[in-house]
Amino acid sequence: MVAARSTEKSQPLDALPGIVSAAGGLPVLLDSGIRSGSDVAKALALGATATLIGRPYVYGLALAGETGVREVIRNIVAEFDLTLALAGLTKAGDLDGSILAG
């Protein structure tokens, strides 16, 4: 497993294709810049195996404890499902770079 975390000011997603390539088939987890379900979809489309949601999780925890964390996770999953539907997809495994503009 390779944990991808950007330490530069650039967008973490910009570096992801190179990291996935350098990982040589190892799972890549993105732990930076994930704030929404559409961010999750972009990361998966660029080759990440999975994403982590540290900061949103902490925000939910600070605002409403366990209930806040549950709500954050529900919201991210709902937005991810909506992003898939808007892209004409029904499952995460169908995501690839072709869905990204430009």
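Student: What makes the separation of glutamate 66 and arginine 70 in helix H3 about one helical turn?

Tutor: Glutamate 66 and arginine 70 are four residues apart in helix H3, which means a separation of about one helical turn. An α-helix has 3.6 residues a turn, so residues three or four places apart point the same way. The model is a predicted one, in which local features need pLDDT of at least 70 and side-chain atom pairs count only at pLDDT 80 or more, whereas totals for chains, interfaces and linings use all residues. Residues are numbered from 1 along each chain as its sequence is written, and side-chain values use heavy atoms, with hydrogens and water left out.

Student: Why is the meeting of glutamate 66 and arginine 70 called a salt bridge?

Tutor: The term requires a side-chain nitrogen of Lys or Arg within 4 Å of a carboxyl oxygen of Asp or Glu. For glutamate 66 and arginine 70 the N to O distance is 2.4 Å, so the pair meets the criterion. Side chains of opposite charge can pair when their charged atoms come close.

Student: How many salt bridges does the structure hold?

Tutor: The structure holds three. Arginine 74 forms one of them with glutamate 71, the closest N and O atoms being 3.4 Å apart. Both residues lie in helix H3, three residues apart, or about one turn of the helix. Another joins the side chains of aspartate 39 and lysine 42 at 3.9 Å, N to O. Aspartate 39 and lysine 42 are three residues apart in helix H2, so about one helical turn separates them.

Student: How do you know whether aspartate 39 is buried or exposed?

Tutor: Buried means under 20% relative accessible area, exposed means over 50%, and partly exposed lies in between (1.4 Å probe, protein chains only). Aspartate 39 has a relative accessible area of 13% and is therefore buried. Its partner, lysine 42, has 35% and is therefore partly exposed.

Student: Which class does glutamate 66 fall into by its relative accessible area?

Tutor: With 53%, glutamate 66 is exposed. Arginine 70, at 45% relative accessibility, counts as partly exposed, and glutamate 71, at 38%, likewise counts as partly exposed.

Student: What makes helix H2 mostly covered?

Tutor: Eight of the nine residues of H2 (residues 37-45) are buried. Among them are Gly37, Asp39, Val40 and Leu44. The buried residues of H2 pack against helix H1 (12-23), strand S2 (28-30), strand S3 (50-51) and helix H3 (54-86); contact here means heavy atoms within 4.5 Å. H2 is followed by glycine 47, whose phi is positive, near 115°.

Student: Why are these segments called helices and strands, and how many are there in the protein chain?

Tutor: They are DSSP runs numbered from the N terminus: H or I over at least four residues for a helix, and E over at least two for a strand. The protein chain has three helices and three strands, in the order β-α-β-α-β-α from the N terminus on.

Student: How do you know that H3 is not a straight helix of 33 residues, given what it spans?

Tutor: The expected span is 1.5 Å times one less than the number of residues. A straight helix of 33 residues would span 48 Å, but H3 spans only 26 Å between its end C-alpha atoms. H3 bends by about 140° at alanine 64, the bend being the angle between axes fitted to the seven residues ending there and the seven starting there. Just after H3, glycine 88 takes a positive phi of about 80°.

Student: What makes a group of residues a nonpolar core, and which members touch the most others in the largest one?

Tutor: A nonpolar core is a set of buried Ala, Val, Leu, Ile, Met, Phe, Trp, Tyr and Cys residues joined through side-chain atoms within 4.5 Å. The largest has 18 residues, of which Leu16, Leu30, Val40, Ala43, Phe80 and Leu95 touch the most other members. H1, S2, H2 and H3 each supply at least two residues of this core, and the largest share, five residues, comes from H2.

Student: Why does serine 36 count as buried?

Tutor: Serine 36 counts as buried because its relative accessibility is 13%. Serine 36 is found in the loop between S2 and H2. Leaving aside neighbours within four places in sequence, serine 36 is in contact with Ile76 and Glu79.

Student: What makes the pairing of the side chains of serine 36 and serine 38 a polar contact?

Tutor: A polar contact is a pair of N or O atoms within 3.5 Å; within protein, one must be able to donate a hydrogen and the other to accept it, and residues adjacent in sequence count only if both atoms are side-chain atoms. The side chains of serine 36 and serine 38 pair at 3.0 Å, so the distance criterion is met.
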